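Me: I should like a close look at a single part of this model, taken in connection with other local features of the chain.

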Amino acid sequence: MHRPVRVVGFDQETGVLELRNRLDFTDVAELVDVTYEVTCDGEVVANGAVAELPSIAPGETGTVTIDAAAPEAGKCFLKVTYSLREANALVPAGHVLGFDEVPLENADGRNQRAVELLAADAAGAAPEVSATDRYLTITGESFEYVLDRTTGLFSSMKFAGEDVLTRPMELNIWRAPTDNDMYLKLKWIAARYHRAKARAYSTDYSQGDGSVTITASMSLVAPVVQPMARIETVWRIESSGAVHVTMDVRRAPEFPELPRFGLRLFVDSGMDRVTYAGLGPFESYADKHRASSYGSFSATVAELHEDYIRPQENGSHCGCDVVELAGGNRTITAVSGTSFSFNASRFTQEELATKAHNVELVPSGDTVWCLDYAQNGIGSNSCGPEVLPKYRLDADEFRFELTLIPAVH
């Protein structure tokens, strides 16, 4: 996007917005109209327009005053949009030339729906646990979840008599390599990332007030290589059926940066409507999100797919606080107190990685839902420098926290 104007400063107390003209020959007052909106938790709560843009010469800076007060609580942003004032031979009047998004400060900058979901504490008796050498079966009034003690992950989840998962849950570090990963993928394949699996060495459980807690000592392993990471996992299952997970990860530093880290869930293909609070509506990654802004968005799983001619990783959205997957009268909500990424697709990453053309892709028959702590950056040295250090998924230690809330309406 061509942004002829850039926000270079905003004083939230006075409402003074500082704009810089990035053009070489034209005064922006002759070219653009400026509008703005304030969003809170992805919803527009105020908007307006700059009635008269002052003269700002090429390369110079000017100021305007706007009314952009933020609510006391919520994740709030000021979005400033630049539109073409008059049509020219190629572009109609009103065409959007770009935007800037400025975070706003307030007393509580957390997404309030995420806060509410995470604080919900359903009263009730602790779920029952049945244990064998292989499985832990956790049963509540409306659910039955089965955790595989060899992986530390759920092999099946039923809520209100319906299967939440169509296949066992997976720990997920692989992605279908992008064109930009053409050299990096060789390191990933040599590290056996594409064959990584979860292995649990011990699982223990305890029952408390209205919940069951399961602790699992796990690792990421693949044939012929040492463990890629050690993971201490804590699952807490509430009487309501909500599932909280915390994974403390220690990555083996001799391995290359991870393509991603998170959970992969396979759910019924009828679960095909996604609503999320995060960076959208376009796909967004740590180093590829300038065309996206924070908002509340909704799309079908098919609409989230970016149909690249050569299939590859696509359609992820980063900076998310809440993601809801819905179909019929069922929903599954993923929420966290720290931003995460998600991807929902009809295709597995294995399918995307093995097909040379988009017309050859075969849907999996499920909705493939990836919930990621993060992904490695997209921009790599296929035709330029390596991914910048701040965008690499190479921390020696990190924590992944997520809550899954199934519901029937």
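Where does D41 lie?

Reply: D41 is found in the loop that connects β3 (32-40) with β4 (43-49) (helices, H or I, of at least four residues and strands, E, of at least two are DSSP runs numbered from the N terminus). The model is predicted, with pLDDT of at least 70 required for local features and 80 or more for side-chain atom pairs, while totals for chains, interfaces and linings use all residues. Residues are numbered from 1 along each chain as its sequence is written, and side-chain values use heavy atoms, without hydrogens or water.

The two strands that flank D41 are antiparallel partners, with six bridges between β3 and β4 (pairing requires at least two DSSP bridges). Within this pairing, Y36 faces G48 of β4. Two residues separate the strands of the hairpin, and D41 has a positive phi near 55° there, although D41 is not a glycine. D41 counts as buried because its relative accessibility is 16% (buried is under 20%, exposed over 50%, with a 1.4 Å probe and protein chains only).

V224 also has a positive phi, near 65°, and is likewise a residue other than glycine. The loop that holds V224 runs between β15 (211-222) and β16 (225-238). V224 counts as exposed, because its relative accessibility is 73%. D41, by contrast, is buried at 16%.

A further backbone feature is the cis peptide bond between G280 and P281, where omega is about 0°. P281 is placed in the loop from β19 (273-280) to β20 (293-300).

As for internal space, the whole structure contains three cavities of 30 Å³ or more (sets of 1 Å grid points where a 1.4 Å probe fits but cannot get out, with lining residues having an atom within 4 Å of a point). The volume of the largest is about 100 Å³ (the space filled by probe spheres on points joined across faces, edges and corners). Its lining includes A176, R260, E313, N343, F347 and C370. The elements that contribute two or more residues to this lining are β22 (330-345), α4 (349-354) and β23 (366-375). The second largest cavity has a volume of about 80 Å³, and its lining residues include F159, M271, R330 and P406. Two or more residues of that lining come from each of β12 (162-163), β22 and β24 (397-408).

Technical notes
1 Å grid on protein atoms, 1.4 Å probe; cavity = no way out; pocket = protein on both sides within 12 Å on 5 of 7 lines; lining within 4 Å.
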